[in-house]
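Please open the structure in your viewer and keep the selection panel at hand. The tour proceeds one selection at a time.

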Amino acid sequence: MDRNTIYQDDAVPSITKQVITAFSSRGIFMVAFWTLILMLVVMMLSYVLAPYHPQHQHIDLLLLPPSWYDQGTVEFFFGTDGLGRDILSRVISGTRYTLGGAILTVVISGIIGVAIGAVAAMLRGLRSSILHHLLDTILAIPSLLLAILVIAILGRGWDTVLLAVTIGLIPQFIRVSHQAVLAVLETEYVRMARLDGYTNFQLFYRVVLPNIAEPLIIRFTAALSSAVMDLAALGFLNLGAQAPAPEWGSMMASGIELLTSAPWVITLPGIAIFISVLSINLVGEGLQRSFKKLESS
Amino acid sequence: MQTPLLQVKHISKTYMNPKGWFRREHVRAIKSLSFELKRAHTLAVIGEAGSGKSTLAHLLAGEMEPSSGDILLHGQSLNDTNKRQRCMDIRLIPQMPSLSLNPRQRVSTQILAPLVQHRSITHALRQQKLYGTMRDVGLLEEHANYYPNMLSASQRLRVTLARAMIVDPEVLVFDQTLSAMDITMRAQLINLLTKLQQSRGMAYVMIGHQLSMIRHLADHVMVMQHGEVIEFDQTNNVFKAPASDYTKRMVYAYNELTQGSNG
Ligand SMILES: Nc1ncnc2c1ncn2[C@@H]1O[C@H](COP(=O)(O)OP(=O)(O)O)[C@@H](O)[C@H]1O
Ligand SMILES: [Mg+2]
């Protein structure tokens with residue numbers, strides 16, 4: 001009989017495998033996925049991949065156009081900015097700030113938010129209804145504005161901006177996990193699991209968690225793209241990463257006066273933001289559809 | 001005289017609904033209800049909506065404690081101290097079998113859940129029990145690794161049956177389980193339940209079912225109204241000479257229907 005079980009495990013793939021299969025069957029989502037992976041690899045190898053130090057100023061080569069212009073050179077593929085810094089190197093190093101910062105803030109706010117939301121839902125009662133009203137109020141404020149509020153209190157700077165974006169993202173995670181856990185706890189299968197003798201911990205781990213995975217994963221991807229945009233926007237407003245740091249948003253801000261004479265200074269970081277947000281959103285969309293497929297099969 | 005398997009003695013249940021900030025509304029869902037049930041016998045419970053039938057199911061299954069009164073199994077009172085064992089001896093088959101299965105867990109895990117929780121038995125024995133029970137309720141071995149959405153409605157019901165029966169319960173409580181089913185499924189199920197009752201000696205409490213089912217399965221019929229028993233008799237007698245208004249109307253409608261379809 002044990003032999004049977006092993007065979008049959010192959011015959012009926014696990015939920016995770018089913019989602020992965022559904023996801024990988026769509027070309028566009030796979031392209032987005034691999035783009036994202038590529039960006040993560042670039043982020044981790046940015047020290048090796050960047051041809052120059054992102055802060056190094058080539059004083060005799062200010063505002064060098066990209067290589068496909070007549071005056072451009074291959075050594076500075078995407079040209080240089082007003083201080084003679086290599087733009088390609090700065091965009092590559094910028095992945096650590098904009099993308100890395102976004103991942104960091106989402107992971108931390110996700111863990112905190114989901115923990116609070118889930119515990120509140122499991123406890124129920126008065127506390128949870130207070131939480132609900134509080135959250136509704138906070139969620140009426142966009143995460144970017146919330147982050148700006150935090151910066152207004154704590155002052156500008158990269159560390160503050162990370163903290164601010166983290167705080168700005170927490171309410172969404174609380175709300176999503178709180179609602180999802182409450183919805184699952186009301187189901188008949190939880191009632192039956194209780195009668196089967198599941199302890200609260202087992203109930204959470206084996207019944208609730210697998211059933212809230214879908215909204216949580218989707219919230220994580222949505223939060224990731226909004227974190228990239230928030231970090232870039234705050235950088236652009238000069239509230240986030242400060243002057244020499246190659247954060248994509250602040251790179252764009254520094255190039256804004258040169259928009260007409262040297263558009264490449266602003267274009268490449270803009271494209272980097274666009275591609276990362278687009279691929280994150282597409283991956284999220286793909287996951288969402290894969291989960292939907294699961295329901296309908 | 002032998003003690004009956006299940007004895008329910010003067011149980012009552014009062015819900016206290018918070019109403020507004022300080023006031024509470026008391027709902028007396030069951031007022032002093034008693035009955036007995038023998039091994040391998042079936043009791044049908046019928047009554048209008050809101051008469052307390054589901055509350056009775058909750059109380060029997062151990063989801064909540066009665067406000068007063070006693071439920072005895074083999075003459076032993078069931079209460080908080082033996083709650084775990086009691087949840088294994090009296091098992092509930094829910095109204096919507098499909099909704100009562102976790103969509104993210106394999107069938108085998110769900111059927112085995114009560115066993116894993118309560119008994120330290122070997123893996124081999126557990127597997128043996130799993131496949132034995134699945135066979136008894138008419139499932140195939142390969143269904144064990146399915147997820148609920150891969151099964152038909154009737155197979156899902158069988159899974160909930162298997163999950164209830166894997167701990168060898170003495171009483172099964174069906175809370176309107178079969179009312180939403182089509183006729184072929186119901187017929188299959190009547191046969192299955194009769195067979196299981198004979199082979200395992202389980203007693204059934206069947207709540208809120210159609211008279212056609214009751215006629216086939218039940219030994220006794222209990223009629224409830226406003227949390228009280230207004231009629232309790234052998235099935236034959238109830239059909240021949242219904243006592244209460246509610247039952248009279250039901251039986252009358254049932255006879256109209258069956259004679260209509262015969263003639
Ligand atoms: N959880 C609950 N809290 C408060 N009142 C309840 C609850 N469940 C049921 N009731 C009330 O108890 C009475 C009996 O309900 P129920 O046992 O569900 O009846 P039935 O299953 O026969 O329709 C109804 O008046 C109902 O409103
Ligand atoms: Mg009911």
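The stops below take chain A and then chain B of this predicted model.

**Stop 1: chain A as a whole**

Select chain A and display it as a cartoon. The chain contains 12 helices and 0 strands, so the cartoon may be followed helix by helix. Along its principal axes, the C-alpha trace spans about 75 × 50 × 25 Å.

Next, colour chain A by domain. Domain 1 takes in residues 15-94 + 248-297, and domain 2 takes in residues 98-240. The C-alpha centres of these two domains of chain A are 27 Å apart. To the contact, domain 1 of chain A gives 21 residues and domain 2 of chain A gives 15 residues.

**Stop 2: helix 5 and helix 12 of chain A**

Two packed helices are described by the angle between their axes and the distance between the axes. Select residues 87-123, which form helix 5 of chain A, and residues 264-296, which form helix 12 of chain A. Their axes come within 10 Å and cross at roughly 40°; helix 5 of chain A and helix 12 of chain A are therefore oblique to each other. The crossing is right-handed.

Show side chains at the contact. Helix 5 of chain A supplies A:Ile87, A:Leu88, A:Val91 and A:Leu99. From helix 12 of chain A come A:Trp264, A:Val265, A:Leu268, A:Pro269, A:Ala272, A:Ser276 and A:Ile280. Sorted by class, the contact of helix 5 with helix 12 of chain A holds 10 nonpolar residues, 1 polar residue and no charged residues.

**Stop 3: helix 2 against helix 12 of chain A**

Keep helix 12 of chain A on display and add helix 2 of chain A, residues 15-24. The two axes come within 8 Å and cross at roughly 120°, which makes helix 2 of chain A oblique to helix 12 of chain A. Here too, the crossing of helix 2 and helix 12 of chain A is right-handed.

Which residues of helix 2 of chain A meet helix 12 of chain A? They are A:Ile15, A:Gln18, A:Val19, A:Ala22 and A:Phe23. Across from them, in helix 12 of chain A, are A:Val283, A:Gly286, A:Leu287, A:Ser290, A:Phe291, A:Lys293 and A:Leu294. The contact of helix 2 with helix 12 of chain A comprises 8 nonpolar, 3 polar and 1 charged residues.

**Stop 4: helix 9 and helix 10 of chain A**

Select residues 188-195 (helix 9) and 200-236 (helix 10) of chain A. Their axes come within 11 Å and cross at roughly 155°. Helix 9 and helix 10 of chain A are therefore roughly antiparallel to each other, and their crossing is right-handed.

On helix 9 of chain A, highlight A:Tyr189, A:Val190, A:Ala193 and A:Arg194; on helix 10 of chain A, highlight A:Asn200, A:Leu203, A:Val207 and A:Asn211. These contact residues divide into 5 nonpolar, 2 polar and 1 charged.

**Stop 5: the four-stranded sheet of chain B**

Hide chain A and turn to chain B. Strands of a sheet pair through backbone hydrogen bonds, either parallel or antiparallel. An open sheet of 4 strands in chain B follows the order 2-1-4-5, with antiparallel pairing. Strand 2 (23-37) and strand 5 (76-77) of chain B each have a single partner strand, so one side of each is left without a neighbour in the sheet.

Select strand 1 of chain B, residues 6-19, together with strand 2 of chain B; the two pair over 11 bridges in the antiparallel sense. One bridge to show joins B:Asn17 to B:Glu25 in strand 2 of chain B.

Now add helix 1 of chain B, residues 53-61. Helix 1 of chain B lies across strand 1, strand 2 and strand 4 (68-73) of chain B, and runs at about 115° to strand 1 of chain B.

**Stop 6: the six-stranded sheet of chain B**

The other sheet to display in chain B is open, with 6 strands in the order 6-7-8-3-9-10 and mixed pairing. Its edge strands are strand 6 (90-93) and strand 10 (228-234) of chain B, each of which pairs on one side only. From one strand to the next, the twist averages 20°.

Finish at strand 9 of chain B, residues 220-225, which pairs with strand 10 of chain B in the antiparallel sense over 6 bridges. In strand 10 of chain B, B:Phe232 is the bridge partner of B:Met222, and B:Gln234 is that of B:His220. Strands 9 and 10 of chain B form a hairpin with 2 residues between them. In the turn, select B:His226, which has a positive phi of about 50°.

How values were computed: Residues numbered from 1 in each chain as written. Chains lettered and ligands numbered in written order. Predicted model: local features only at pLDDT ≥ 70, side-chain atom pairs only at ≥ 80, totals over all residues. Heavy atoms only, no water. Axes fitted to C-alpha atoms, helices over the stretch in contact; angles between N-to-C directions. Parallel < 35°, antiparallel > 145°, perpendicular 65-115°, else oblique. Left-handed = near helix turned anticlockwise from the far one by under 90°. Contact = heavy atoms within 4.5 Å. Nonpolar A, V, L, I, M, F, W, Y, C, P; charged D, E, K, R; others polar. Pairing = 2+ DSSP bridges. Domains from an automatic or database assignment.
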